[in-house]
Amino acid sequence: MGATTLITVAPTGAESAKADVPALPVTLDELVQTAKECEAAGAAVIHVHIRDDDARPTLDPSRLRDTVAALRESTGLIVQLSTGGAVTDPYEDRLRVLDAEPDMCSLTCGTVNFGDDVFMNPWPFMVELYQRTQELEVVPEFELFDLGQVAALNRLLDKHGLPYGGHVHCDLVMGVPGGIPGDARSLVAAVEALPEGATWSATGIGRTSLPVMFAALSAGGHLRVGMEDTVTFAKGRPVTANVQLVERAASAAALAQRPAMPVADARALLAVKR
Ligand code: KMH
Ligand code: ZN
């Protein structure tokens, strides 16, 4: 079997408002429908943020459990819950996300300026979250918003050992105002500093989404796409559905001779529990 590209879809996020972006999936039905379409188009992992009845970001534990169950019932996707939530979410709520028993969770490796806000991930919180992933046998995806966060990841692994499953998988989140720029030279600098043997994907926020996608494919990485990261498909053309972004990523990956990775292969690569 030839090399393939793991595609993660991040369909919702916590930053866009449904009123501004009507195509954003915010209800459970919309999320499940999106997930099915994206799986059919080549996604293997779904990075999930959920919303409440007013379409506001929430980390409500029972909603998270219901979401994990619904995605498992309707798709074969690897379910990755966000522990980043929204910038206003308290640490306790973010730690409790793991009680919903996802296959994976995100784990951001440091505090970063996030536009006009600050996304808080101090070292003691990172360690507590990491130890909880190890205890509960949830595979973390290490989110790296800046080069210093790569150093923090290396420190975390040195001090606290390997994640559940034994494999390290990272996601470079590039182009956030205040984080690492979304360009090829920054991507190469980050990739060179990653832990030995780690696999990685990359995503570029907003207008950096295409440059980062092409740089990641050139450098042998995997891809994350979705309306969490960009709501514009091309200049003057809003994204009308997440599947558009997954289809484009799958086409680019196929063109790079590394087509979309089947979900079964992604489960083996990431060493998730189920
Ligand atoms: N919404 C951002 C503040 C994650 O999902 O872990 C953080 C974020 C990262 O989206
Ligand atoms: Zn997220």
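## Core, strand β6 and ligand shell

I7 touches G42, A43, A44, L223, V225, V246, A249, A250 and A260, leaving aside residues up to four places away in sequence. This is a predicted model. The mean pLDDT of the protein chain is 98, with 100% of its residues at 70 or more. For the complex, the predictor gives an ipTM of 0.99 and a pTM of 0.99.

I7 also belongs to the largest nonpolar core, which has 75 residues. I7, A43, I46, L144 and V246 have the most contacts inside this core. Helix α8 (residues 242–255) gives the most to the core, with 6 residues. In soluble globular proteins, nonpolar side chains tend to be buried together.

Strand β6 (residues 104–108) is largely enclosed by the rest of the structure, because 5 of its 5 residues are buried. On one side of β6 lie M104, S106 and T108, and on the other C105 and L107; these are all buried, so both faces are covered. In a regular strand the side chains alternate between the two faces of the sheet.

The table gives the strands joined to β6.

| Strand joined to β6 | Bridges | Direction | Opposite residues |
|---|---|---|---|
| β5 (residues 78–81) | 2 bridges | parallel | L81 and C105 |
| β9 (residues 139–144) | 5 bridges | parallel | E141 and S106 |

Ligand 1 is surrounded by residues that include S106 and T108. The others in this shell are G13, A14, S82, T83, G84, A86, V87, F114, F119 and E143. By class, the shell has 5 nonpolar, 6 polar and 1 charged residues.

Notes. Residues numbered from 1 in each chain as written. Chains lettered and ligands numbered in written order. Predicted model: local features only at pLDDT ≥ 70, side-chain atom pairs only at ≥ 80, totals over all residues. Core = buried A, V, L, I, M, F, W, Y, C linked by C-beta atoms within 7 Å. Buried ≥ 20, exposed ≤ 12 C-beta atoms within 10 Å, placed from the backbone. Helix = DSSP H or I, 4+ residues; strand = E, 2+ residues; numbered from the N terminus. Contact = placed C-beta atoms within 7 Å. pLDDT = per-residue confidence, 0-100. Near = placed C-beta within 6 Å. Nonpolar A, V, L, I, M, F, W, Y, C, P; charged D, E, K, R; others polar. Pairing = 2+ DSSP bridges.
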